[in-house]
Amino acid sequence: MSGDASLRTTSQRIAWRATIVLSTLVFIFLMAPILAIMPLSFSSGSYLTYPLPGFSLRWYDEFIHSARWMASVKNSMIIGVASTVLSVVLGTLAALGLAQWKSRFKPLVLAIVLSPVVVPGVITAVGLYFFFAPIGLTGSYLGLILAHTALATPFVVITVGATLQSFDMNLARAAASLGAPSLYAFRRVILPLILPGLASGALFAFATSFDEVVIVLFMAGPEQRTLPREMFSGIRENISPTITAAAVILTTVSVILLATMEGLRRRNERLKGNSA
Amino acid sequence: MTEAFLTSADAPTDVPLKRRLKRAERARQVKALALVLPLLAFLLFTFLGPIAGMLWHAVDDWEVRKVLPLTVAALASWDGKDLPDEKAYAALADDVLAARAAGTLAIAAKRLNYAVNGFRTILTGTARNLKAPPEPGTAKETLGKINPAWRDRATWAAIKGASGPVTGFYLLAALDLTRNVDGAIVAAPPDQAIYRDIFVRTFTIGLSVTVLCLILGFPVAYLLATLPAGRSNLLMIFVLLPFWTSLLVRTCAWIVLLQTNGVVNDSLRFLGIIDAPMRLIYNRFGVYVAMTHVLLPFMILPLYSSMKAISPAYMRAAASLGAPPLTAFLRIYLPQTLPGIAAGSLLVFILALGYYITPALVGGGADQMMSYFIALYTTETANWGLASALGALLLAATLLLAVVYGKLVQGQQVTGGMKN
């Protein structure tokens, strides 16, 4: 059933055509909003309608020269990078531990570790708001970094855990039997081999923090407003072309992350193919 | 490896080795656990603790206890059948005077106002008119004169009901229930009974979006699973790119497309299909379109991986045995995709239930889901008890579904569907 070459009967061919037509419509549905918003950010007019009156970079200029937008980009980077580092450290340690730990409590621990992904954002945000406000962690970078780390760590645990599944623990044993101290063995043997998983976990973690807005809505003070938070209020008030410029910039970041991720996956598959 | 050693370790001379191995294994396990502990401790502080705190807020009832302590103590022995005795009235008078002096009366007034609408007025009015503690034995008369509500059993029942330390009040309220004067659970007055509607609305939107995602996602997943790897990888970009694009960018884009003078309305008018622009956003239609768009990849990816695992040989076998294509599809192919359908649908439904940002931006007042009200009661009206009770119910629903999902996809690769 690969492609329409092997389809013999008329009804099969009709069904296959229908699948292609329906899928094309869904692909258009999926891509249309992203494709439609891009050209608008290059419009020389200030209305978000087609046809464009002309081409201009004025909205990008406005974005770059706006203290508010630039501050939000800076905040997103600070919080994103810090929570990525923290979640990679915590998540990698936990994944290494979980790979070796044998206990009937393991499913429970795993469920706890992964639960921040499942619990609705508002519930986490409200809980953190109640919990962090009395100890002065709302309206602070530290509070947001900690909260984003909690949301991002499951992705690191999952991706590093997946890499460890194909990791041969005998390599670590061999290193130990040759007299390597465990930290040295980790640095020289384990780390290089799980690095692709670690890198895609880090990308996931950064993307999670970079796109998060519910917790920021509840916990950020005026000083910590991130790019999505700034976009949220912009969309609420009135969508201006500057927001479409911000949207294009955000999308570009996503594409870069996605491409890096895909590159890592391919590299990993190639390595696996070579060793097999 | 360890097990092989252990089974051959029956001979008495091997016992020390067996013990040594056990000890080494135990040390390894302790080390493994020690690696997981930092994350568990971290989550205790940044996730589990906060969630537990929220659950506690749903049943915590401290306001009246703190502001009117003497009254609470005096009412402890009150059976609720008649009006309380003089002692309780005197205690209330003392409490009100003390609370007024301390400026804490509003805290209790706010809590009691949740139980009986207008209680705030009763309490503040009483505080204003009560200049000094009543003469011994006249408290009942004095308070009754200031506000006849103090001659009503329901007023006192409300105070007793709010005496804490824990209460089911908010949880009942979140289910449109309340306790009457006699303490029996009854339906809440219609002007307060809005939460069942909100639950129904949340589940309706979640379910509709799930069905829409399934209808739109099925053919796409089928196409991707059936095409040769090269072409299917290329088309996968159309699924992954939106998946990776910021939720806010996508929501913003839909507003631009669907607004009154937006691209869709302009195109339809240009094509002569409509005369006046249609209202496509800030209503339920907008919510369905934007939410389906955001959640569709979460349906396609699990469907795709379940379809990818189906061997084409089954369909060929069915055809060779004379099954018409439709019969073969319905009886051979579809049943094998059921795990994927179930996993994708559950995932989309779980995520949809908790949605906040998208409905808040593209929905109208009648399209807001549970999360919106939880946020509203937390930040706007500061009714933390009700916010937490609604949160507890939403959390319970989500976790229940997540457990089912976990059982369903056990052993399956789910990473692709985990990005929030």
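**Exercise 1.** State which helix of chain A holds both Glu262(A) and Arg266(A), and how their side chains meet.

*Solution.* Glu262(A) and Arg266(A) both belong to helix H11 of chain A, residues 241-275, where they stand 4 residues apart, about one turn of the helix. Helices here are DSSP runs of H or I with at least four residues, strands are runs of E with at least two, and both are numbered from the N terminus. The next step is to look at the side chains: those of Glu262(A) and Arg266(A) meet in a salt bridge, with 3.4 Å from N to O. The term salt bridge stands for a side-chain nitrogen of Lys or Arg within 4 Å of a carboxyl oxygen of Asp or Glu. Side chains of opposite charge can pair when their charged atoms come close. By this rule, the count over all chains is 10 salt bridges.

The structure is a predicted model, in which local features need pLDDT of at least 70 and side-chain atom pairs count only at pLDDT 80 or more, while totals for chains, interfaces and linings use all residues. Residues are numbered from 1 along each chain as its sequence is written, chains are lettered from A and ligands numbered from 1 in the order in which they are written, and side-chain values use heavy atoms, with hydrogens and water left out.

**Exercise 2.** Describe the contact between chain A and chain B by its residues, its buried area and its salt bridge count.

*Solution.* Begin with the residues: chain A gives 88 and chain B gives 85 to the contact, where contact means heavy atoms within 4.5 Å. Then take the area, which is about 8100 Å² buried between chain A and chain B, with 82% of it on carbon and sulfur atoms; buried area is the accessible area (1.4 Å probe) that two parts lose on being put together, summed over both. Finally, the count between chain A and chain B is 1 salt bridge. Glu25(B) forms a salt bridge with Lys102(A), and the closest N and O atoms are 3.3 Å apart.

**Exercise 3.** Work out how H6(A) and H2(B) are oriented to each other, and which residues make their contact.

*Solution.* Helix H6 of chain A (residues 141-165) and helix H2 of chain B (residues 15-59) pack at an angle of about 140 degrees, their axes being 10 Å apart. Axes are lines fitted to C-alpha atoms, for helices over the stretch in contact, and angles run from 0 to 180 degrees between N-to-C directions. Angles under 35 degrees count as roughly parallel, over 145 as roughly antiparallel, 65 to 115 as roughly perpendicular and the rest as oblique. H6(A) and H2(B) are therefore oblique to each other. The residues that make the contact are Leu146(A), Thr149(A), Ala150(A), Thr153(A) and Val157(A) from H6(A), together with Leu39(B), Phe42(B), Leu43(B), Phe45(B) and Thr46(B) from H2(B).

**Exercise 4.** Find the loop in which Pro165(B) lies and the loop in which Asp176(B) has its place, and describe the backbone at each residue.

*Solution.* Pro165(B) lies in the loop between helix H9 (153-161) and helix H10 (169-174) of chain B, and the peptide bond from Gly164(B) to Pro165(B) is cis, with omega near 0 degrees. Asp176(B) has its place in the loop between H10 and strand S1 (177-179) of chain B, and its phi is near 60 degrees, a positive value in a residue other than glycine. As a background to both cases, most residues other than glycine have a negative phi, and most peptide bonds are trans.
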